[in-house]
Structure formats: C-alpha cells, structure tokens
Amino acid sequence: MDTRKFTTQIGKIALPLILGGAILYWMYRDFDFGQVKHVMLHEMDWSWMLLSMPFGIIAQLFRGLRWRQTLSPIGEEARVSTAVNAIFLSYASSLVIPRVGEFARCGVLRRYDGVSFSKALGTVVTERAVDTLVVMIITTITLLYQLPTFHHFFATTGTRLDTFLGQFTTTGYIVTFICLVAAFILVWLLLRTMSVYNKVKTTLRDLWQGVISLRHVRNIPLYLFFTFGIWASYFLHYYLTFFCFKETSHLGIGCALVSFVVGSIAVIVPTPNGAGPWHFSVKTMLILFGVGATTALSFVLIVHTLQTLLVILLGIYAMVALAHTKKKAAPPTE
C-alpha cells in the first residue's frame, strides 16, 4: 500500500478519536465518575430512558424507507430490509471512522441488492441536503420561539451575554475553535473525496441522477412524512431523556429544542457520534437554562453513552441480518 495513502487512512481514523477524546478529557478531567454510577443506580428514572429508545430505532427505520423512495425514480430498487439494515450499519460504522457510513451503506445495497454504488451515493447527497434544510428550519423556528425565553432569563437573572461568555475559560474558547476548524476540515475532505468520483464521467452522471432523483419521487407526501418522522423521532429520542433526571425534568420543551438544535449542529464535527463536541455544546446550553455544571456533565455523559450503545446494538443486528440475507443478481460493473 502507498505510504501516503496509508498515512491518510490512519489520520482519518486517529484524528477524530483524538479530537473527541481530548474534548472529553478536558470536560471530565476533574469529574467524579462515582457520582454517575450513583445517579444511574439510585436517582435515574429508567422508564423514560427505555421509552426514548424506540424513537432512535424509528428514526433510522424512516431513513431507510425514505432512501428507497429516492432510489426508485432512477431505476434502482432495494429491499426494505436491506435498506434499513444498511442504515443501521452505516451509523455503527461511523463510530469507528466518522462519515464512512455514507459510503458503507451504499456498498451494502450494491452487494446485496445490485444497486449502483454511485447512484446510491448521489441520493445520499440529496438526503444530506434535505436534512441540512430541515435543521436550518428547526433552528430558525427555535430561535424565534425562544427569544422571549432568553430575554426573560437575562432580565430576571441579571445575566448578560458578555458575562456568560466570560465564564468560558481560555481552554473553552480553544475547544470551540478546534471544533470549528475540524468541521471545515471535514468539508474539505468530503469535497476532495467527491473530486475523485468526478474524474469518472459515468460516475458523475450517476451521482447527478441521484441528486435530482428527488424531483421524480412518486409520493411526495410520504417522503415529507418520513422526513418529518425522522426528525420528530430524533427529537423525542433526546427530549424524553429529560424526564429521567429530576434536575432536567422541569426544563420544558423550549430548553430541549435549543439544546437539540445546538447538539445537531455540533455533530457536524467529525468525531465518533459527535462525542466531545455534542457533550460540550449540550452541557453549555443546559447550564444556560440553570442546570448545575456537575448535573449537566452527568446528563450528557449518560444520555450520549446509552444512545451510542443503541447505535452499536443496531449495527450488530444489521451485520447478523445481512449475513443471512440472500443476495440478488450480481451488480453491474461500474
């Protein structure tokens, strides 16, 4: 293997792990992990956590069903089980190498259902564009909805934004800066990867077909239903965990929306399942809404860990299910 290529591959694996690990170490360097054990065993209401878990599964299920819709107009048909298992596997594989799941799931469809890899990748580009638009809409609505809340908070507490930001340590600003730089690096790597495909004329054509496939989706209302269902499920998967803890159960849907939006943006930073940036951003928002720093740290650690465990379990299930899936006819040469 070419040394440069090998070094690049190692970097793609090591750097996200180092970045996420460094942020988590900085956040929890003086934290008493014995308190987390006590909270989980004696204070946490597990019924709400168990209730939230199905929504994490439903979100991925809807994503698989929506993906099939965008494949059909370009002449590619995938079985429901294959598409859903590909989604399960993609999220789990991205825990090892961030964003590799986008390619992994296209490979699953090609291997088991004979779907064109490049066309499937084009539909993934479409999917990401739609999701980005949805996040922007949710963010705008949340900001407008929460403006009175922020005004009331600052007025009643006498807290000003500049003094709140002043509570950030130098390290806190450094972490935020690193997250932004990492996000830009991710975009650059993705563009660089796409440029490799763009060198091949037929692949470029297939990618474009995937991107414009949304125009030809047969059932737009169903597509919109799946899109709404995905993000509603993501939100409920997160929001219901508020009721697991006494200190967050009273915060209301406003705090949940703000922290959900901030967390959704934070996972753009290329770390496994957003580990580190997600913890940092959600913890900061919880503190803004009056949650103690120690409680906020416990909340993000427990919630993220359990939700990541669900992703791992779904990935394992997908691997087992795919191992017992009969392949369709061999895919055409691309």
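**Salt bridges around helix α6**

At 31% relative accessibility, arginine 128 counts as partly exposed. This assignment belongs to a predicted model, and the exercises below work through the charged pairs in it.

**Exercise 1.** Classify aspartate 131 as buried or exposed, and describe how it is placed relative to arginine 128 in helix α6.

Solution. Step one: the relative accessibility of aspartate 131 is 4%. Step two: buried means under 20%, so aspartate 131 counts as buried. Step three: aspartate 131 and arginine 128 are three residues apart in helix α6, so about one helical turn separates them. Step four: the two form a salt bridge, with the closest N and O atoms 3.4 Å apart. Step five: through shared partners, salt bridges join Arg63, Arg66, Glu102, Arg105, Glu127, Arg128 and Asp131 into one network.

**Exercise 2.** Determine which parts the salt bridge between glutamate 127 and arginine 105 ties together.

Solution. Step one: the closest N and O atoms of this pair lie 2.6 Å apart. Step two: glutamate 127 is in helix α6 and arginine 105 in helix α5 (residues 101-113), so the contact ties together parts 22 residues apart in sequence. Step three: glutamate 127 and arginine 105 are both buried.

**Exercise 3.** Do the analysis for lysine 119 and glutamate 76.

Solution. Step one: 3.8 Å separates their closest N and O atoms; the cut-off is within 4 Å, so the pair counts as a salt bridge. Step two: lysine 119 belongs to helix α6 (residues 117-157), and glutamate 76 to the loop between α3 (46-71) and α4 (80-93), so parts 43 residues apart in sequence are tied together. Step three: lysine 119 and glutamate 76 are both buried.

Note on methods
Residues numbered from 1 in each chain as written. Predicted model: local features only at pLDDT ≥ 70, side-chain atom pairs only at ≥ 80, totals over all residues. Heavy atoms only, no water. Salt bridge = Lys/Arg side-chain N within 4 Å of Asp/Glu carboxyl O. Helix = DSSP H or I, 4+ residues; strand = E, 2+ residues; numbered from the N terminus. Buried < 20%, exposed > 50% of the residue type's maximum accessible area, 1.4 Å probe, protein only.
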